[in-house]
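Colleague: Got a minute to walk me through this model? I'd like the helix, the charged pairs and the core.

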Amino acid sequence: MEVFFFFLVVPMEAESGVRKQPLSEEETILGATNRAKSLPEGFRLGLEAGVTRINGICYLINFGVLIDKEDNYYYAGGTYLPLPDFVGDKLYNSDVELKEVMEEYTGIMNINHYGGAISVFTNNQVERRDIFTHISKLLLGQLQFSKKI
């Protein structure tokens with residue numbers, strides 16, 4: 001017998017509790033965790049995009065946290081896309097977020113509601129929603145595995 005989970009995903013504003021542009025893996029995971037924790041009871045999903053520097057290279061990163069009804073936490077991350085030096089330098093030397101840098105670079109307002117930086121730097125092969133869909137599937141798969149479904 002196969003059992004499926006069906007979820008209605010309702011987007012909600014949720015405070016991350018971190019700076020507007022997370023600048024490390026730890027801060028990005030904390031932002032996703034805080035978003036999930038701030039949502040109403042039930043299955044809670046928090047997603048966060050950030051950047052991190054590894055060996056002098058600035059990477060775009062994404063993480064998600066799922067909290068189930070029993071208060072179990074599931075974590076998943078993805079995307080380590082190198083960003084051009086001018087983007088990383090601006091993020092780490094100014095109090096701006098990636099969205100602002102990308103809007104200035106592309107002239108596209110609210111670019112984070114479209115393909116995002118990842119779309120620009122992958123020549124439209126991958127969009128922001130693709131990454132968060134992938135992370136959500138990783139989280140759902142962990143939930144299903146833990147419940148032996």
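Modeller: Let's take those topics in turn. Keep in mind that this is a predicted model.

Colleague: Start with α1. How far apart are its end C-alpha atoms, and what span should its residues give?

Modeller: The end C-alpha atoms of α1 are 18 Å apart. Helix α1 covers residues 25-37, which is 13 residues, and at 1.5 Å a residue the expected span is 18 Å, so the two agree.

Colleague: Which residues of α1 are buried?

Modeller: E27, T28, G31, A32, T33 and A36.

Colleague: And what do they pack against?

Modeller: Three strands: β1 (44-54), β2 (57-67) and β3 (73-82).

Colleague: What about S16? Where does it sit, and is it buried or exposed?

Modeller: S16 is in the segment before α1. Its relative accessibility is 8%, so S16 counts as buried. Leaving aside neighbours within four places in sequence, S16 is in contact with L30, G31, N34, R35 and E48.

Colleague: Switching to charges. How many salt bridges are there?

Modeller: The count comes to 11 salt bridges.

Colleague: Give me one from β1. What does R44 pair with?

Modeller: R44 forms a salt bridge with D71, and the closest N and O atoms are 3.1 Å apart. R44 lies in strand β1 and D71 in the loop between β2 and β3, so the pair ties together parts 27 residues apart in sequence.

Colleague: Buried or exposed, those two?

Modeller: R44 is buried, at 5% relative accessible area. D71 is partly exposed, at 44%.

Colleague: Which residue does K147 meet in a salt bridge?

Modeller: D68, at 3.1 Å from N to O. That pair links distant parts of the chain, 79 residues apart: K147 is in the segment after α5 (128-146), and D68 is in the loop between β2 and β3. D68 is buried, with a relative accessible area of 1%. K147 counts as partly exposed, at 33%.

Colleague: What about a pair inside one helix?

Modeller: Take E103 and K99, whose side chains meet in a salt bridge at 4.0 Å, N to O. Both lie in helix α3 (residues 98-106), 4 residues apart, about one turn of the helix. E103 counts as buried, at 12% relative accessibility. K99 is partly exposed, at 26%.

Colleague: Which residues are joined into one network by shared salt-bridge partners?

Modeller: E41, R44 and D71.

Colleague: Now rings. How many aromatic pairs does the structure hold?

Modeller: It holds 4 aromatic pairs. F86, Y105 and F121 form one aromatic cluster.

Colleague: And which ring does the charged end of K148 sit over?

Modeller: The ring of F145, with the charged end 5.5 Å from the ring centre.

Colleague: Last topic, the core. How many residues are in the largest nonpolar core?

Modeller: The largest nonpolar core has 24 residues. L83, L91 and L98 have the most contacts inside that core.

Colleague: Which elements give two or more residues to it?

Modeller: β1, β2, β3, α2 (85-93), α3, α4 (116-121) and α5. The most comes from α5, with 5 residues.

Colleague: Does a core like that fit a general pattern, and what is it?

Modeller: In soluble globular proteins, nonpolar side chains tend to be buried together.

Colleague: And L98, what is it in contact with?

Modeller: Setting aside neighbours within four places in sequence, L98 is in contact with Q21, L60, L83, V87, L91 and A117.

Conventions: Residues numbered from 1 in each chain as written. Predicted model: local features only at pLDDT ≥ 70, side-chain atom pairs only at ≥ 80, totals over all residues. Heavy atoms only, no water. Expected span 1.5 Å × (residues − 1). Buried < 20%, exposed > 50% of the residue type's maximum accessible area, 1.4 Å probe, protein only. Contact = heavy atoms within 4.5 Å. Phe/Tyr/Trp six-rings, centres within 6.5 Å; stacked < 30°, edge-to-face > 60°. Lys NZ or Arg CZ within 6 Å of the ring centre and 35° of its normal. Core = buried A, V, L, I, M, F, W, Y, C linked by side-chain atoms within 4.5 Å.
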